[in-house]
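Hi everyone, thanks for making time today. I'd like to walk you through one structure, starting with its packing and ending with its cysteines. Here it is on the screen.

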Amino acid sequence: MLPTITWRNRSVIMIDQRKLPAQEIYVRCRTYIQVAQAIEKMVIRGAPAIGIAAAYGLVLGLMSARTDTGRSLERDFDKIYRRLERTRPTARNLFWALERMRAVYERDRGLGLRALQKSLLAEAQAIENEDAETCRMIGRHGRDLIRDGASVLTHCNAGALATAAYGTALGVIRAAAEQGKKITVFADETRPFLQGARLTVWELRREGIPVVLITDNMAGWLMRQGKISAVVVGADRIARNGDTANKIGTYSVAVLAKENGVPFYVAAPMSTIDASLEDGSAIPIEERKPEEVREIGGRLITVPDVEVRNPAFDVTPAKYVTAIITERGVCRPPFKFGVPFKFGVGPS
Ligand code: MRU
């Protein structure tokens, strides 16, 4: 399985997703600032993976805290927390993981700095381990939606690289392939960051799952010709009514799927659901820097100062979603995800 992110010797190691598939390079972060920058620059990306990274970032930050009691610890914690929280606004999992870490901090801050650091590390590792298990459960619940011989379109990368292991959308595809079904994946290249062309293709090739790369504007025509049996994508934030934020371009795929009678599935852990939002209208959409659109692989492809828009995500209204596959099971419309709840403390 792919090593997306691991904790080793008081540091966090991540595979550099900006460099794949040309180079397999690992980045070592020794400070929480380095982790925050790695998330911002998309060394690590994908909603569950950035949650795990933020949790480890908090551990690194608290490892260099100066004193163990009172206001200075409080100040350090808040500063580190706020820096990590500012990295990327859309993925709910980032905030969910940080909230879990805060619950441990509140519980154990009176035990002394050493004990606090130990329990924070244990919580971050629990978040990582649980995510790998969660993805397998998503796969188990979703695999029966994919028939033998299916051609499955996916957008962006919601695979092992975007999670602790196994993936969400790609987890469903992996689990179906593990049942012995013959599946062909159509991977949208996913401009501008090319997660599909660079990461999904790389992951699936390593797994031996057949993959066909297409540019984003080809999906509709393939659906029209009956070449796509299902769409499976991941999610960054899901509102109570099922409106789903995911990589820019997902909305267009969903509309095309409905028009062509192709089922459109979202695969995501419960930690992606934002129970505080009634619908998708208030989901914050990250706008990234214009160079990502003006350039491909660092090479300018247009007029240098052309005005650019670069929203990194869009919101697919729930009416286009056939089902949402979570670790708890498959949810069908009308979606009514829970009421706001406070996270308890996980195993320590
Ligand atoms: O900008 P990215 O690469 O972090 O966006 C990732 C996605 O949109 C994924 O589909 C989503 O985070 C789900 S990952 C399991």
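Which residues of the largest nonpolar core touch the most other members? They are V12, M14 and V35, in a core of 49 residues. Before going on, please keep in mind that this is a predicted model.

Where does that core come from? Two strands, β1 (5-8) and β2 (11-15), each give two or more residues, and so do the helices α1 (32-40), α2 (47-63), α3 (70-85), α4 (92-108) and α5 (113-142). The top contributor is α2, with 13 residues.

Let's zoom in on V12. Setting aside residues up to four places away in sequence, V12 touches I5, T6 and W7, then V27, R28 and C29, and also V35, Y56 and L60. There is another core too, lying apart from the one we've been looking at: it has 25 residues, and I238, A268, I273 and F337 are among them.

Now to T4, which sits in the segment before β1. Is T4 buried or exposed? It counts as buried, because its relative accessibility is 1%, and the cut-off for buried is under 20%. The T4 side chain reaches the backbone oxygen of A160 at 2.7 Å. If we leave out neighbours within four places in sequence, T4 has contacts that include I13, M14 and I15, as well as A160, L161, T163 and A164.

On to the ligand, which I suspect is what many of you came for. Which of the 18 residues around the ligand come nearest? Those are R45, R88, Q195, N246 and K247. For three side chains I can give you distances from an N or O atom to a ligand oxygen. For N246 the distance is 2.6 Å, for Q195 it is 2.8 Å, and for D236 it is 2.9 Å. How much of the ligand does the protein bury? Taken alone, the ligand exposes 410 Å², and the protein buries 99% of that.

Last topic: the cysteines. How many disulfides does a search of the whole structure find? Zero. Take C156, which is in no disulfide: the nearest cysteine sulfur belongs to C135 and is 14 Å away. C156 counts as buried because its relative accessibility is 8%. C29, which we met among the contacts of V12, also counts as buried, at 2% relative accessibility.

That's my tour. Thanks for listening, and I'm happy to rotate the view for anyone who wants another look.

Technical notes: Residues numbered from 1 in each chain as written. Predicted model: local features only at pLDDT ≥ 70, side-chain atom pairs only at ≥ 80, totals over all residues. Heavy atoms only, no water. Core = buried A, V, L, I, M, F, W, Y, C linked by side-chain atoms within 4.5 Å. Buried < 20%, exposed > 50% of the residue type's maximum accessible area, 1.4 Å probe, protein only. Helix = DSSP H or I, 4+ residues; strand = E, 2+ residues; numbered from the N terminus. Contact = heavy atoms within 4.5 Å. Near = heavy atom within 4 Å. Polar contact = N/O pair within 3.5 Å; in protein donor to acceptor, adjacent residues only side chain to side chain. Areas by Shrake-Rupley, 256 points an atom, 1.4 Å probe, with all protein chains shown as cover. Disulfide = S-S within 2.5 Å.
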